Structure formats: structure tokens, C-alpha cells
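Colleague: I've got a pile of "how do you know that" questions for you. Could we go through them with the picture on the screen?

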Amino acid sequence: MREQILTFLEKNSKIDLKELAVLLGSSEEVIANEVAQMEKEQVICGYHTLIDWEKTSSEKVTALIEVRVTPQRGQGFDSIAERIYNYPEVQSVYLISGGYDLLVILEGKSLRDVSSFVSDKLSTLDTVLSTATHFILKKYKDYGTILGKKSKDERMLVTP
Amino acid sequence: MRNPLSQKIMTIQPSGIRKFFDIVSEMEDVISLGVGEPDFDTPWHIRDEGIYTLEKGKTFYTSNAGLKELRVEIARYLERRFDLHYDPVHEILVTVGGSEGIDVALRAMLDPGDEVLIPEPCYVSYLPCVVLADGVPVTIELKEENQFRLTKEELLAAITDKTKILVMPFPNNPTGGVMRRADLEAIAEVCIEKDIYVLSDEIYSELTYGEDHVSIGSLPGMRERTLTINGFSKSYAMTGWRLGYICGPQVIIEQMTKIHQFAIMCAPTNSQYAAVEALRHGDSDVAQMREAYNQRRRYLMHAFKEMGLPCFEPFGAFYVFPCIKQFGMSSDEFATRLLEEEHVAVVPGNAFGACGEGFLRISYAYSLENLKVAMGRLGRFVEHLREWQK
């Protein structure tokens, strides 16, 4: 049941729990309890909205920054990750396998914003060995949703 | 000039759905719940395989019976899902959709005057295909109180000395009815005793909710008298690829292959390659689509309950078949007025046989958002009807 609820909420967190209960063949009470419990356990960490900022007038620049760091004794990557993720402009921080260690996703108002973050804040951290910054030029698909594409029903209207 | 047409073709009526389709096509802002195909796109990995094989120039005929590779995968699939055991070399024929299987099987098996039992309501093509194959269609009227299942008694009452084939259209279009194992066992017993062949159209076999589909050909003593039709259209959302298959005893498949060879040659080649990919890696797609259909099914049943529209709970395909007899009008009239007044298209139940009168076929191969708007409109329509009736 939990997995079914999560699968649904991941795609549509706005759904009315009463309706969700109908769809999953359960009762509203059961669903509400499960959701509350999962919020408490932080299985559900938040409810966000997917926005195509391209379609708005606000200026945003998103960058993916590959960061190589020296892990610290006793703490591995956790403490350096924390140093980085505490910046509010940092959207995501992932520990990555392969050629570098941390992938940092940063949102800024302009290129200058991003570059000053990288040169002034990120690079100057003692444990940071190197950074490589990639700017996102266009988002085609985000969180499983294809952006800006409206699908049309191509089927004939009535078929046997 | 002489009449270019045969007498036989002139006896066949065009599909009842056609008339409705013509009206709907003229209208704007219609929400249609009248479609008999999945709303999902074919899963990308399957489409990608189709593209890849086109790029690689796999554009030639395959063997008449279909790609060996595909037939092997079909045999494996049927074994793993439905406990059916067919030899991929001699007992499987890949066809252009399940529909070709229906036609070819009837043509290979019927002599003039042979009777074919067709439980109705059902898909529209069995009856004309029987006529075209010089057989005599004999319909059996299924009842709502039996959840539109075929009972042993109904079957026995329809059998004559001339009965040769029983068509088994389950999971059923248009009712959504399914036959459980015990129901099938009762039917199998009669078929064996009366020496009747079964043409089992299982195109919706992947779309059952609750219990898994049971294939009548897997029951003891039924393998040698059953032709199993299945395909990719509904389970993998591949209607436009036109690909199905029919499996059965070698003696029948062999003769069917002759007809197929002369009439069709082979099923579309790149559809066949895509189907191999579907069978190898498509199980999770099917499961996902099944879950989505099931949610919509529950939603519709709930909506009907709220608006006081009686409907037996269907456990298969993607149709519900609510009863509208309380409004004292024909299915045609109800559907036409619903279309005119609320711009919602559904298919009148009698398009699938006379005993579908008093019912509507509502497809839930639509997004939940669509269904919600449509149910809102249907609810309003039903309210109006009740007000006028007072």
C-alpha cells in the first residue's frame, strides 16, 4: 500500500486523499494515516511543484558543478558535503561514484552569481581540490516530466 | 452493368459503431469514452527497437508463420504467464492483429452450415467473419446477473448437431466480464463431451484485476480442441503495429498458415522485431499500465455508485458496462442525447449484440483527468433525466 501511495504522490502530490482512497481501493482514513506516518518518518520529505521557469519572466541560471574533494578522516565526505549544502542557493548535493566526488546543483540569478559562488566560496574550501562547472542550457525533461510538450490524443474517437 | 457485389457481402451489416462515429466526428469539444484501444503510447524501448530494425534495413518479408525468434518468445511467454505449451515451429502463427486470427481460424475450420456459438455482447467481428466463412453464427445472450459470464446451461441450450466452434471472448469487450477457472472448467467439460472446438480470444488477458487470467486451453483435455488468440495491441499498447498470434493444434495451424500465406504473406516485419523486445523486456510496462487501468476502474465504479447508475463490477479489459434501463430509453437514445447535451461519447451496448440493449460501453482507456470531466458531465446528464422524469 505504501509503495502505491508513494508512486501516486510522487506524480501528483495535490491529489485529494479521498480520491486516492477510491483509486487504490482503500479508505480515506487508512490512506491519511499512512501518509501522516510517512511524513513523520520522513519517507515523505516535502511536496514540491515542478515549474518550467523558462516560461516565466524570472531569470535563472542553473549549473551542475563537479567537485573533487579530499575526504576527511573519520567523517568521509559528510562534513564537506554539509559545508556545501548549507548554502541556500545550492539545490542538490550528491555523492557520486566515478571521476569526481560531489555533484552540486546550483541555482543563481546570473552567470556572475554562479561564478562568484564557485570562485569565492566553493573553491576556497580547504578540502576542495578542483571544480568543473557546467551550465544548463535547456531542460527537456525534469523529474520524469517532459517539459513543454502537450500530448494530443491521436486516436479515432470511437472504435470497437 | 452487372452487380459487382456478392450476395454474401450484401447480407453483412456495417458495424453499429460506425454510425455513431460519424456523428461524433462532426462535433467539437467532445470527450470520447468510446475508444477500444489503450491511451498509453507504446513503451519507448519497444518503439526504439522498431526504429532500430528499420535503420538496420530489416524491411523484408519474414517466414509466413512469423519470425522464428518471435514465435519462440511467444511460446515462452504463454508458458510463463498462462501455463500454455505450444511448439513455436508448428503451433504458433503470427498474424496481423488478433483480428486476422479470428478470420483465418474460421475460414480454415468451417464448412457451409457449420454452426459457431458466439456469446454476446461481444466484439463486433466474430459474427461477420463466421458469415464470410460460410458458417452459421448462433448467438448466446449473456446475462448481467451472471456478470456476463457464459454458463454451462446457456451453452448446452445452444448446442445442436451442427455446432462446431464456440467463441470465447474473455476478458470481454464490451462488458469487462471475465471467466474464472471454475467457470471455464464447466464450459470445458461440455466442449469435450459434445466435441466442440473453442476459439478463445484472449487479447485482454493481461488486463485482469484481482485474479490472473486463466486460459481455457490450459485445462485438461482442452489443448487439442482450443485455438488461443492473443496479441500485442492491448497488453503493450501496440494497436497500430497490427500484430497478434494464434496458437493451436498443428493440423489446424498448418491449414491456417496456407490462408495467411496467400492472403497476407506475413505480418509486418518491424512490428515483429518490436514484439520480440516487448516479450523480453515488457513485463513491467504491462504491470504499470494494468495498475493505472485498475485505478481508473475503481474510480468509475465509485462515480457510478454516487450517481446511482447500476453497474456490475467488471474485472477485465478496460470497459465498464453500466445499465441505463431505469431511464426507460434505448441505449442509442441515451448515448445520442448524452452526446448532444453533454458532449460525451459512449458506445450504446446494443452495438455489441441485441442483449447489450439497456447498457452503455464506457472505456477507461483515458487519463483520470479526462474521466473526471466526463463523469461530471454524465452525472449532470443523469440528474437532468431524473428531473424531467418527475
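Modeller: Sure, and let me say up front that this is a predicted model. Let's begin with a sheet in chain B: 7 strands in the order β2-β8-β7-β6-β5-β3-β4, open, with mixed pairing.

Colleague: What makes β2 and β4 of chain B the edge strands?

Modeller: Each of them, β2 (92-95) and β4 (136-141), pairs on one side only. Across this sheet, neighbouring strands are turned by 20° against each other on average, ignoring direction.

Colleague: How do you know that β3 and β4 of chain B are joined?

Modeller: Two strands pair if there are at least two bridges between them. Strand β3 (residues 115-120) of chain B has 6 bridges to β4(B), and the two run parallel, so they pass that cut-off. For one spot to look at, B:Pro119 stands opposite B:Ile140 in β4(B).

Colleague: What packs on that sheet?

Modeller: Helix α4 (residues 68-82) of chain B does, touching β2 and β8 (244-247) of chain B. The direction of α4 makes about 110° with that of β2(B).

Colleague: What is the strand order in the sheet of 3 strands in chain B?

Modeller: That open sheet runs β9-β12-β11, with antiparallel pairing. Its edge strands are β9 (319-320) and β11 (347-348) of chain B, each pairing on one side only.

Colleague: And how do you know that β11(B) and β12 of chain B count as a pair?

Modeller: The cut-off is at least two bridges. β11(B) and β12 (residues 360-363) of chain B have 2 bridges, in the antiparallel sense, so they qualify. In β12(B), B:Arg361 is the bridge partner of B:Val347.

Colleague: Let's zoom out. Why does the size of chain B agree with a compact globule?

Modeller: For 390 residues, a compact globule would have a radius of gyration near 21 Å, and chain B has 21 Å, so the two agree. Its C-alpha atoms fill a box of roughly 65 × 60 × 55 Å along the principal axes. Chain B holds 13 helices and 12 strands.

Colleague: Then why is chain A called more spread out than a compact globule?

Modeller: Same kind of check. The globule rule gives 15 Å for 160 residues, but the radius of gyration of chain A is 21 Å, well over that, so chain A is more spread out than a compact globule. The box for its C-alpha atoms is roughly 65 × 40 × 30 Å. Chain A has 5 helices and 6 strands, in the pattern α-α-α-β-α-β-β-α-β-β-β along the sequence.

Colleague: What share of each chain counts as buried?

Modeller: A residue is buried if 20 or more other C-beta atoms lie within 10 Å of its own. In chain A, 14% of the 160 residues count as buried; in chain B, 50% of the 390 residues do.

Colleague: How many domains are we talking about, and where are they in chain B?

Modeller: Chain B is divided into domain 1 (7-42 + 284-389) and domain 2 (57-281). Their C-alpha centres lie 25 Å apart.

Colleague: What makes you say those two domains touch?

Modeller: Contact needs C-beta atoms within 7 Å. In chain B, 35 residues of domain 1 are in contact with 34 residues of domain 2. On the domain 1 side, α1 (7-11), α11 and β9 of chain B each give two or more residues, and α11(B) has the largest share with 7 residues. By class, that side divides into 19 nonpolar, 9 polar and 7 charged residues.

Colleague: And where are the domains of chain A?

Modeller: Domain 1 of chain A is 2-40 and domain 2 is 53-138. The C-alpha centres of these two lie 34 Å apart.

Colleague: Last one: which parts of chain B touch chain A?

Modeller: The contact takes 20 residues from chain B and 9 residues from chain A. On the chain B side, α2 (16-26) and α11 (283-306) each supply at least two residues, and α2(B) gives the largest share, 5 residues. That side has 11 nonpolar, 7 polar and 2 charged residues.

Technical notes: Residues numbered from 1 in each chain as written. Chains lettered and ligands numbered in written order. Predicted model: local features only at pLDDT ≥ 70, side-chain atom pairs only at ≥ 80, totals over all residues. Helix = DSSP H or I, 4+ residues; strand = E, 2+ residues; numbered from the N terminus. Nonpolar A, V, L, I, M, F, W, Y, C, P; charged D, E, K, R; others polar. Domains from an automatic or database assignment. Rg over C-alpha atoms; globule rule 2.2 N^0.38 Å. Buried ≥ 20, exposed ≤ 12 C-beta atoms within 10 Å, placed from the backbone. Axes fitted to C-alpha atoms, helices over the stretch in contact; angles between N-to-C directions.
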